[in-house]
Amino acid sequence: MAALNNLTEHLEAFVDVTRSPTHHAESLKAIATSLEKGVLSINQLVVEMDMYLTTTDDVVRARGILLLAEMLDYLKSKPLDNAVVHSLIGFFTAKLAEWRSVRGALSGCLALIKRKGVAGLVTAVDAEAVAKSMAQSIQVQSLALYDRKLCFELLECLLEQYPEAMINLGDLMVYATCEAIDGEKDPPCLMVAFHVVELLGRLFPSPSGPVASEASDLFEFISCYFPLHYTHTKGDEASIPREDLSRGLSLAISSTPFFEPYAIPLLLEKLSSSLPVAKVDSLKCLKDCAVNYGVSRMKKHYKDLWPALKDALYASTKTDLSFGLESLTSPGFEMGEIHRAAVNLLQRLVKQDISFLGLVVEDIRVNMVFDTISRYLRYEEMLDTSKLEVLVVSQILSVSARSSVESCNIIFQTFFFRLMNTLGIVEKTSTGDLVHNENSTVSTRLYHGGLHLCIELLTTSKDLIPSSEECTSTPESAQQSWCSIVSRFSASLIEAFTSAVQSSNDDCSADAYLGVKGLLAMGMFRGGSSPVSRSEFEKILTTLTSIIAANSAKTVKWELALKALVCMGSFIDRYSESEKAMSYMAIVVENLVSLVRSSHCSLPSPMILEATSEVCSTRPTYVEKMVEGFEEAFCSSFSDFCVNGNFKSIENCSQLLECVTNKLLPRLTEIDGLEKSLVHFAISMWNQIESSVVFSYDFNGREFVEAATKTMGEIVGVASVDSQNSIIQKAYNVISSSTLLAMESIPLTFAALEGLQRDLSTRDELILSLFASVIIGASPKASIPDVKSLVHLFLVSFLKGYIPAAQALGSMVNKLGTGLEEACDTIFHESSASGSSIPSDDSSKTIGGSEALLSKICLGFYGSLDLQTHAITGLAWIGKGLLMRGDKRVNEIALVLVECLKSTNSSGNALHPSAMKHAADAFLTLMSDSEVCLNRKFHAVIRPLYKQRFFSITVPILESLIVNSQTPLSRTMLHVALAHVVSNVPVTVILDNTKKLLSVILEGLSVLSVDSVHKETLFSLLLVLSGTLTDIKGQQSVSDNAHRIIECLVKLTSYPHLMVVRETAIQCLATLLELPHGRIYPFRREVLQAVTKALDDPKRRVREEAIKCRQAWTSISSRSTPF
Amino acid sequence: MNSRLVNENPIVYPKKQGRVRTDQSNTDEDIKDPEHSELTLEDLRVITKESVEVDDAKSYVRVTLTPTLPHCHVPHLIGLCIYSKLLKSLPTRFKVDVRVAPGSHATEAAVNKQLGDKERIAAALESPYFVDLFN
């Protein structure tokens, strides 16, 4: 009972039009839920609503009916009793005649008609009654937008769900539709209306049916929308895009063949319009019509259709043919939308009816093209009209040929002989000799236009091969006729293209382009039935390869040939043509790889490397071959250098390694099996180095060492753990057999280290750097043998100044698992035991015995300045490794480094300035992201927020030291260190601490601006400041310190050493205007003076910023400008 | 100012492309025509790059403007706009001269006299009406 009480309430709420729409929706929802749950049945609802449905108050009745309709919409998938549905549809049908409640009636009918697959469907008889009532009593165009849409949807639904019933109604439906559409203007309604017409066309296919008899009227109503044009682009119409609506219209127009007598003339007329949209729409619609109307009906219009289509093609083609690299695999000219639509239509027409091709073949303009071709030798010489002629005709012929095998045969039979004749290309007899006609003295004439046409034909015909292979049932002769024509000419064609390429010179790329494109087209025929024989295919490959091998400079021809080869390689791979792959391997790959191997070829090695890597990456087997070739080339050049001292070979080696790094490694994921070959390559590098025991010649081969370490590191970086292990093992063997391991025996004592001044031999240096790069690239899972002695080795070598050793040590402490303790012991503590045993001077006695030797060296207790700076740098890298994994020991290192920066450290004397500088820069090493090591690529262990942690440890210490520092030098260095820390930490951290940091940043800026050495640091610190100025978090403290900030920035506007500093300072001044007016107004004069000076800056960018800034600052004063 | 425009339908010229950046900044390009506020002086060819002479060594700038019509009634205003813009954009060492091109305006001499008069210029730049126009 309670449910019923509520019901009345909800009913009242919905019927009351004065309430808000949300209120209405709520009550609807409430009733719907109770219906759905079964608390309330639809019968009960109707009984309860009796009063609302029959009242004489029009408004209340309309609302009541609408409510019932909405309810039925909610219950679309709930089974209902057939009798209930019958009586309801009867009710709604009757109400259709009543215009006041038409919306409810329409929605009710629609909701019931839409019911699908559940119990309680509307019967066909009832549906018929709905349609009748609707046709008779509703004036669609007099209704509101939403109601009109409902009408069209109802029609659509009726036609879709009750086709039989609607066929019975016959004429009535067509009339109703005509009447409903007449004058409709809203896209959402039209979209449905067009679909209704389409359905009608499908429903009445009989020539004596209502659509056939009413075709002219019906077409008139829809044709007035063509071509669609939106007058209001904004607003609710935008909900239906123009493309969708135009597609709907096109489907409606093409829905029934009975429209044909009216539609085609209209479309042809619109095609001749100058409006691009009209052209595109007509072409698309014509294509739909061609599909649906059938050949016999379209045939009548061929005579008008062909010229119109031809004109559209002529009008939409541009004459600039590109001879560039990028158009080798594309048509070479721009395709507009009109052009594309026209091409589609032509292809459709030819495919559908071969007799259309007759018009094309007999067309006088098409036939004229051969005269045009033979008139000009070069494309550039042609008049624009001739260019257009050639381009359009080649397009027409190739599109027609592409449509079907049959059309291809006709085109080739009609035109190919003539074309060959024009070009002077002769045919091959059955014996294989070339037939010479009487004027054989005339050699091949390479008309560009003709070549273009020929290439277009060949390119399109190649797409037809697979289809002919698929359907073997078709007779061979019909299939192969074009193929046999091509194969009769293939030898001469290849010759002609070859001669075109060879005759080309550098300033004219057209010859080379056409030649290479032709060869490419000839080489891309698929399968066994290809018109190009294997020997001919090999000839193409040989020609292209020889172009690559012969050119000593990077010309257009060279690039074109390379691209063609790459295209052919990937084509062979895609269609897995095993026979051609063998030829390709034998001719292209082998040749190029042998060029790489031989050190004495005319081609510069970067070019040959590029060519090889491009060509070979088309197929995994080639890659293997290539890496093998690279390996051999590397080994032979390297040993050539070692034995004969040939500097050119070492240069080759570096280029080869660079090629591996830049070309091959980035494509690792694309090429299967590359990793394996590269690991093999790395191991053979080690083998080669191992076997060349003596370098008879010293070389200043920084370049080579760099290339080698880079390649080695990257290979190790990408290799799997197992491969890493094998490389590490190999490298360790080389190390242990070399003289390097002797360094392990050097005790870590002051005296011993002092004696270390002698340099390493070149070979040892190479091995050390390579080994360091292996360690840097290794992942944490890889196992490193003999950690202790390796740590020792790296320790000694970085003290001698080899930075890679320090980086490797950093990587080791970053990644080591169980061996970490041992390694750290070696670095920090064990050394101290030996360190304390040596006799030392008085000052060092004050230091506790547990202090590490390393830190003592850093603080300058022993040894030369060099040793000290090396130790500081090394310590920074070790610290970085520890910091990134979040190890506590980094704190000790930070303390040592800070100690180095103090004006008077614990030993009482100041450090050398250079050592201090190194210590300050160590903070940059610690905080910044490195490209060389300890990054994600090289599998570094990275704890989140490690920078923040270091920031919070060091900044307070540095701040307090800055306050207490006595000498200006130490003060500057402390500021440099702080700037490094501050500028490398994420900006949010700075923003959280703006209040604390701002004054020290400002002080830093003024301290650093003194010396030009610190300009980069100054700039990064300035960027930090500029970041705080705009943020809401920092605004309060910025506002409090405005005077100091402005003073500092004003000084920086005339900073002489770096332009970006001045520029940024001026930009910062401009942003300061966002502060409260009262805060900044007092500094107006000061700022304007500074900025006015900046107007005369030597750099344009600074001046421009100055103008903007000055304009902004002058405008904060109410009026007068201060001149 | 008249409610009716003197030149209702001015010819709009395309901006010259690829101007060679000289060392002297050319900042006139976004001064708007007082009559057609959506067009710049460069669009209307009131000023072209050629009509601006700069002598950096002698700190001297001379701008010659060509009004769109001989009876245009705003050349003194345009001149003032250019003057004010240049004063804001150039270092103080520069002396700026703004002139109407010979033969391009009916009251050429009068306008030139007005633009050459330092005191009148200074007064105009102080006047609130003009200040609003410039900014």
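A residue counts as buried when its relative accessible area is under 20%, as exposed when that area is over 50%, and as partly exposed in between. The tour below applies these terms to a predicted model.

**Stop 1: Ser59(B)**

Select Ser59(B) to begin. The relative accessibility of Ser59(B) is 13%, under the 20% limit, and the residue therefore counts as buried. Ser59(B) sits in the loop that joins strand E1 (52-55) to strand E2 (60-65) of chain B. Although Ser59(B) is not a glycine, its phi is positive, at about 55°. Most residues other than glycine have a negative phi.

**Stop 2: chain B as a whole**

Widen the selection to chain B. How many helices and strands does chain B contain? The chain has four helices and three strands, and from the N terminus on these elements follow the order β-β-α-β-α-α-α. Of the 135 residues in chain B, 45% are buried. Among contacts between residues at least 6 apart in sequence, 64% join residues at least 24 apart in chain B. The exposed area of chain B is about 7,500 Å², and carbon and sulfur atoms supply 52% of that area.

Within chain B, select Arg99(B) together with Asp97(B). Their side chains meet in a salt bridge, with an N to O distance of 4.0 Å. Arg99(B) is partly exposed, at a relative accessible area of 25%, whereas Asp97(B) is buried, at 15%.

**Stop 3: chain A as a whole**

Turn now to chain A, which has 56 helices and zero strands. Chain A comprises 1123 residues, and 56% of them are buried. Of the contacts in chain A with a separation of 6 or more, 75% are between residues 24 or more positions apart. Chain A exposes about 46,800 Å², with carbon and sulfur atoms supplying 54% of this area.

**Stop 4: salt bridges in chain A**

Over all chains, the structure holds 36 salt bridges. Select Arg247(A) and Asp288(A) to view one of these pairs: the closest N and O atoms lie 2.9 Å apart. Which parts of chain A does this pair tie together? Arg247(A) belongs to helix H13 (residues 242-253) and Asp288(A) to helix H15 (residues 276-293), so the salt bridge ties together parts that are 41 residues apart in sequence. Arg247(A) is partly exposed, with a relative accessible area of 45%; Asp288(A), at 13%, counts as buried.

Next, select Arg297(A) and Glu260(A), whose side chains form a salt bridge with an N to O distance of 2.9 Å. This pair also links distant parts of the chain, with Arg297(A) in helix H16 (residues 295-299) and Glu260(A) in helix H14 (residues 260-271), 37 residues apart. Is Glu260(A) buried or exposed? Its relative accessibility is 1%, and Glu260(A) therefore counts as buried. Arg297(A) is partly exposed, at 24%.

To see a network of salt bridges in place of a single pair, select Asp58(A), Arg61(A), Lys95(A), Glu98(A) and Arg100(A), which are linked in this way.

**Stop 5: a patch of negative charge**

Select Glu179(A), Asp182(A), Asp217(A) and Glu220(A). These residues gather in a patch of negative charge on the surface. Where in chain A does Asp182(A) lie? Asp182(A) is in the loop between helix H10 (171-181) and helix H11 (187-203). With a relative accessibility of 43%, Asp182(A) counts as partly exposed.

**Stop 6: backbone features of chain A**

Select Phe226(A) and Pro227(A), and display the backbone. The peptide bond from Phe226(A) to Pro227(A) is cis, with omega near -10°. Most peptide bonds are trans. Pro227(A) is located in the loop between helix H12 (210-223) and helix H13 of chain A, and H13 is also the helix that holds Arg247(A) of the salt bridge with Asp288(A).

Finish at Leu945(A), a residue other than glycine with a positive phi, near 60°. Leu945(A) is placed in the loop between helix H45 (913-927) and helix H46 (946-964) of chain A. Is Leu945(A) buried or exposed? At 55% relative accessibility, over the 50% limit, Leu945(A) counts as exposed. Ser59(B), where the tour began, also has a positive phi but counts as buried.

Technical notes
Residues numbered from 1 in each chain as written. Chains lettered and ligands numbered in written order. Predicted model: local features only at pLDDT ≥ 70, side-chain atom pairs only at ≥ 80, totals over all residues. Heavy atoms only, no water. Patch = residues over 30% accessible without salt bridge, like charges linked within 9 Å, V, L, I, M, F, W, Y side chains within 5 Å. Areas by Shrake-Rupley, 256 points an atom, 1.4 Å probe, with all protein chains shown as cover. Lys, Arg positive; Asp, Glu negative; His and termini not counted. Charge placed at Lys NZ, Arg CZ, Asp CG, Glu CD. Helix = DSSP H or I, 4+ residues; strand = E, 2+ residues; numbered from the N terminus. Buried < 20%, exposed > 50% of the residue type's maximum accessible area, 1.4 Å probe, protein only. Contact = heavy atoms within 4.5 Å.
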